[in-house]
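Subject: Structure for you to look through

Dear colleague,

I am passing on a structure that I would like you to look through, and my notes on it follow directly below. Please keep the model open while you read, so that you can find each residue as it is named.

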Amino acid sequence: MKRRRFIVTKSSNSNRPVCGKAKRRSRLLPKNARRDPANAIKLFLRIIFFFITCIIFTKGTAVAQISETPYAVAEVKVDIPIPDADSIGVSHSLTLPGSAILQELQVAVKIEHPAVEQLAVSLTSPDGATVLLHNRTVSNMVPFSPIYETQNASAQSLSTFLGKNGQGAWTLRIVDAVGGATGVFVGWGLRVNPASLLTPPPPAALPLHADSFAEISRWNAEMVISNIAVADMNGDRWDDLILLSEIDGLVSVYLANGQGQFSAPMMYDVDRPLAIATADFNRDNHLDFVTASQIPQFPVSNLVVFLANTSGGYDLTYISDIPTNVDAITVFDGNYDGYLDIVLGGEPLILIGNGDGAFQSAQVLMWNGRSLLTHGDLNRDGAEDFLILKTRGTSPNAKPYLLFGNDAREKELSLNGTPLQSFTANLHEANTNEFVVVAASDTNDSTLWLTMISGSTIESIEINAIRLPDTLLNLPIAPYDLNNDGLTDLIFPTESGISAFQRTDDPNGGLSTQLVSIASPLMAKGGKFFADGAVGLVIVTALEEVILAKAAHGAHPTPTPTYLPVPSPTPFLFLTPSQPTNTPTPLPTTPPTARTPDLNSDGIVDHLDLLILMQHWGERYP
């Protein structure tokens, strides 16, 4: 006999699944059950078994309604002994960092105690309101692990908390005022709606303190310094220093010892080195470096690659003349083959790396009068994105464009001023990327435009621009997180020393703080030069001097998040799905057991689950 199939669908006016058959209305009993007494008996036995499993599963608990609105779970195991005969008891707090109005709340508690009728359990919200969850009543639940919600009765209603801002510390307290039995507070958790309550707000910039760096050492480099680079060249966890002299034709490498001292320089002759980048070109876990020089009066650059050798020095392994100006030099995997490539130039050319320190001939990276301002993974999708200048037609004026690595389109941007320096940073929010452009004002005054570009797609680009006087920001700029707050600070020289700019909501757009007083500074960069974790500054002066300064306050501790993952990756109290689903749950391949009576995961055990059970067994277990 042909069996009738039941199909789980969605009704037009409800999110609950219904059962039906195309062009026919479903019935409780299939035809074959009505015609054949044996089938009817089998069906009757299945129905009895189903309701027995439901009774076993739901005994002593309430089936929770699952909200259709997104929510998130924060849970924590504490394993704290509950003091016996103590009116103060034990407490623990969970912090919800996000700011939002609480629409739904569930509280899960797990306690191991032989006499829960001795316990009082209460929850206190950030605004001080307290609700009694359990008030010395008997329970046969072992271990005691109830889930309280606004629709499930606790000793006092959780609705007291709804409609208020849920941000802040929530405290659960357990009191055992009666002697004679001891137990353990195992853990507890909150399930909240909206989920944004578990999303931390962007951190505020930690203020920098004036004159917070002190000079540690100073030496004469005996060369006219034109550029510097900071990187851990030998893999000892301390940043090292590379100095370039265009006039003297020298590259000097200084290795730091973590105590504020540097080794004697390793010096290499390079013709007019102007730009530098560091990277591991041959994958030996030691940084190498590449320099670029401008050939006078010609749009040609001289590229030189030095690879780290086994004796702690560097060998010149590659040299080539590249037909482009030295406007920029950078390193990244341009063709996604796992090997680092070199990008050089005004109209940028790319040298594809072979992974062994050798490179292929230069190829055009971008056509049609384009020049590279900066690059990086702006939207964190694993593809390199670019900010470029491009001329169109016969116009001599270059327009800025944004190119996403995962999108064939390009977006023309409207930026103020003439770009002077560009880089990737995060001035607004930790763990995000921004393209930052510092541009000269078109009004020929001493102000600078600081423009921040962010977004995940072409359609969602955001541009924030502020106009700053040169007392707040000046060139050249070295981006670095000086105080470990997750936000980039902009280091720059002034007439009297080295300062740093922080982007804030200040009416001026930010604050500048002088870090150290130095006569005639030219440039500075931040780095990890000290074994105790303190931040350091390398400063170059007009007198060919190099100065190492150390943060006087010592190491900044790494911020400890006060929030839990969203949603909790390993729930142990809230065992229902962390996200409701709008699609039917696939049918199981084995007979349902007492652990899974809610077959369509709608939070309710009802006749719809019965129909799914009947269809499942009718198809697979005749």
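Tyr-318 is buried, and Phe-359 is buried as well, where buried stands for under 20% relative accessible area, exposed for over 50%, and partly exposed for what lies in between (1.4 Å probe, protein chains only). Please bear in mind that this is a predicted model, in which local features need pLDDT of at least 70 and side-chain atom pairs count only at pLDDT 80 or more, while totals for chains, interfaces and linings use all residues. Residues are numbered from 1 along each chain as its sequence is written, and side-chain values use heavy atoms, with hydrogens and water left out.

The rings of Tyr-318 and Phe-359 have centres 5.5 Å apart and planes at 65°, so they form an edge-to-face pair. For such pairs, the rings of Phe, Tyr and Trp (its six-membered ring) must have their centres within 6.5 Å, and planes under 30 degrees apart count as stacked, over 60 as edge-to-face and the rest as tilted. This pair links distant parts of the chain, since Tyr-318 is in strand S19 (residues 314–322) and Phe-359 is in the loop between S22 and S23, 41 residues apart. Strands here are DSSP runs of E with at least two residues, and helices are runs of H or I with at least four, numbered from the N terminus.

Phe-359 also pairs with Phe-281: their ring centres are 5.4 Å apart and their planes stand at 80°, so this pair too is edge-to-face. Phe-281 lies in the loop between strand S16 (273–279) and strand S17 (288–294), so its pairing with Phe-359 ties together parts that are 78 residues apart in sequence. Both Phe-281 and Phe-359 are buried. In total the structure holds 12 aromatic pairs, and elsewhere Trp-219, Tyr-254, Phe-262 and Phe-529 form one aromatic cluster.

Lys-390 appears in two kinds of contact. Its charged end sits over the ring of Tyr-401, 4.4 Å from the ring centre; for this, NZ of Lys or CZ of Arg has to be within 6 Å of the ring centre and within 35 degrees of the ring normal. The side chain of Lys-390 also meets that of Glu-410 in a salt bridge (2.4 Å, N to O), a term for a side-chain nitrogen of Lys or Arg within 4 Å of a carboxyl oxygen of Asp or Glu. Lys-390 belongs to strand S25 (residues 385–391) and Glu-410 to strand S27 (residues 410–412), 20 residues apart. Lys-390 is buried, with a relative accessible area of 10%, whereas Glu-410, at 29%, counts as partly exposed.

The structure holds eight salt bridges. One of them joins Arg-218 to Glu-215, with the closest N and O atoms 2.8 Å apart, and these two residues are linked with Glu-545 in a network of salt bridges.

Finally, the largest nonpolar core has 35 residues, and those with the most contacts inside it are Leu-105, Val-107, Leu-123, Trp-188 and Leu-190. Such a core is a set of buried Ala, Val, Leu, Ile, Met, Phe, Trp, Tyr and Cys residues joined through side-chain atoms within 4.5 Å. Its largest share, five residues, comes from S3.

With best wishes
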